[in-house]
Amino acid sequence: MIKAGVIVAGAVAVYAVFVGILYVTQDSFLYHPTRRGSETAELTALFPEMKEVSYFLPSGEKLYAWYRPAKKGKKTVIYFHGNAYNVEHHGLRQPVKMLYEKGYGILLPEYRGYGDLKGKPSQSSMEEDAETAVKYLNGQGMRNKDIVLYGHSMGTYLSVYTSAKRGQEEAFAGVVLEAPFYSAESVGERYFFNLVPVKHLLKNKYPSYRYIKEINTRLMIAHGKKDKIVPFEEGWQLYNEASEPKTFFATEKAGHNDLSDYGFADAMAEWLAGK
């Protein structure tokens with residue numbers, strides 16, 4: 001008969017191996033980049049005024065984005081996309097179509113490790129990529145007060161972080177967070193029911209909660225209650241810790257990627273117009 005101690009030791013060993021595998025392979029769970037493909041032609045066909053632009057990191061490494069300058073009297077929106085696919089894929093989403101049709105300026109920056117850019121994505125590299133996108137517009141003579149930071153999913157962290165880091169001297173025109181998370185750590189703990197020491201395993205924690213109170217401009221958060229990727233509670237918790245003025249758009253039916261099917265794009269259009 002197997003002794004209880006042997007069973008416990010075996011279970012502990014299996015658990016340790018499982019945790020070790022999670023640590024080593026965590027980037028494959030967090031990032032799902034794709035190279036540029038047919039979406040590029042679709043994007044240029046759908047948005048003929050959108051052009052590819054290049055700018056550089058302090059290291060001299062080149063980044064790129066898709067850009068359409070704003071029509072007269074409109075703000076420019078920097079759209080930070082989520083952790084999967086590439087920027088062209090996300091550029092085809094309904095919120096971007098709405099912004100284009102209504103004449104807003106649009107900058108769709110790509111991250112290192114995605115599309116045609118070399119490197120590996122990480123929290124620090126994405127933070128630098130996001131700040132460099134703002135610097136590009138500033139270099140075009142655009143002030144922060146004419147820029148709205150928009151993020152979807154993982155991109156919401158970049159909007160929060162960038163607003164906090166680059167919006168203190170001059171606030172941005174607004175921040176929009178679509179399906180945001182409190183932190184990657186918080187989402188991980190929900191996924192693993194607190195059975196895995198996510199806090200100690202995660203190399204990239206994307207702590208939106210750390211910066212949310214530093215946002216000193218208008219804020220709009222949107223979340224669907226059927227979101228199975230980032231639970232609704234994550235966005236609601238982030239909203240509760242944010243400062244005024246703030247708006248929360250919620251819907252019972254939407255998941256992670258279809259908020260615009262249930263009124264979000266229209267609500268954002270009204271919010272951007274100050275209604």
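**Exercise 1. Find the place of Ser 153 in the chain and decide whether this residue is buried or exposed.**

*Solution.* Ser 153 sits in the loop between β7 (147–152) and α6, where helices (H or I, at least four residues) and strands (E, at least two) are DSSP runs, numbered from the N terminus. This is a predicted model, in which local features need pLDDT of at least 70 and side-chain atom pairs count only at pLDDT 80 or more, while totals for chains, interfaces and linings use all residues. Residues are numbered from 1 along each chain as its sequence is written, and side-chain values use heavy atoms, with hydrogens and water left out. The relative accessibility of Ser 153 is 8%, so this residue counts as buried (buried means under 20% relative accessible area, exposed over 50%, partly exposed in between, with a 1.4 Å probe and protein chains only). As a last step, look at the backbone: Ser 153 has a positive phi of about 55 degrees although it is not a glycine.

**Exercise 2. Which backbone features at Tyr 85, at Gly 103 and between Glu 244 and Pro 245 deserve a second look?**

*Solution.* Start from the general expectation that most residues other than glycine have a negative phi, and that most peptide bonds are trans. Tyr 85, which is not a glycine, has a positive phi of about 65 degrees; it lies in strand β5 (residues 84–85) and is partly exposed, with a relative accessible area of 41%. Gly 103, just after α4, also takes a positive phi, of about 85 degrees. The peptide bond from Glu 244 to Pro 245 is cis, with omega near 0 degrees, and Pro 245 belongs to the loop between α10 (232–241) and β10 (246–251).

**Exercise 3. Describe the surroundings of Ser 159.**

*Solution.* First, place the residue: Ser 159 is in helix α6 (residues 154–166), and because its relative accessible area is 0%, it is buried. Second, list its contacts (heavy atoms within 4.5 Å): leaving aside neighbours within four places in sequence, Ser 159 meets Phe 80, Leu 149, Tyr 150, Gly 151, Val 175, Val 176 and Leu 177. Third, check its side chain, a polar atom of which lies 3.1 Å from the backbone nitrogen of Gly 151.

**Exercise 4. How do α5 and α6 pack, and which residues meet?**

*Solution.* Two packed helices are described by the angle between their axes and the distance between the axes. For helix α5 (residues 123–139) and α6, the angle is about 60 degrees and the axes are 10 Å apart; axes are lines fitted to C-alpha atoms, for helices over the stretch in contact, and angles run from 0 to 180 degrees between N-to-C directions. That angle makes α5 oblique to α6, since angles under 35 degrees count as roughly parallel, over 145 as roughly antiparallel, 65 to 115 as roughly perpendicular and the rest as oblique. The crossing of α5 and α6 is right-handed (the near helix is turned clockwise from the far one by less than a right angle; anticlockwise would be left-handed).

Next, turn to the residues. Among those of α5 in the contact are Gln 123, Glu 127 and Glu 131, and α6 contributes, among others, Tyr 157 and Lys 165. By class, the contact of α5 with α6 has seven nonpolar, three polar and five charged residues (Ala, Val, Leu, Ile, Met, Phe, Trp, Tyr, Cys and Pro count as nonpolar, Asp, Glu, Lys and Arg as charged, and the others, Gly among them, as polar).

Then compare two members of this contact. Gln 123 is buried, with a relative accessible area of 15%, and its side chain makes a polar contact with the side chain of Tyr 157 (3.3 Å); a polar contact is a pair of N or O atoms within 3.5 Å, where, within protein, one must be able to donate a hydrogen and the other to accept it, and residues adjacent in sequence count only if both atoms are side-chain atoms. Lys 165 counts as partly exposed, at 46% relative accessibility, and touches Glu 131 and Tyr 211, not counting residues up to four places away in sequence.

**Exercise 5. At what angle do α4 and α11 pack?**

*Solution.* The angle between α4 and helix α11 (residues 264–272) is about 40 degrees, with their axes 9 Å apart, which makes α4 oblique to α11. Their crossing is right-handed. The contact includes Met 98 and Leu 99 of α4 and Met 268 of α11, and its residues divide into eight nonpolar, one polar and no charged.
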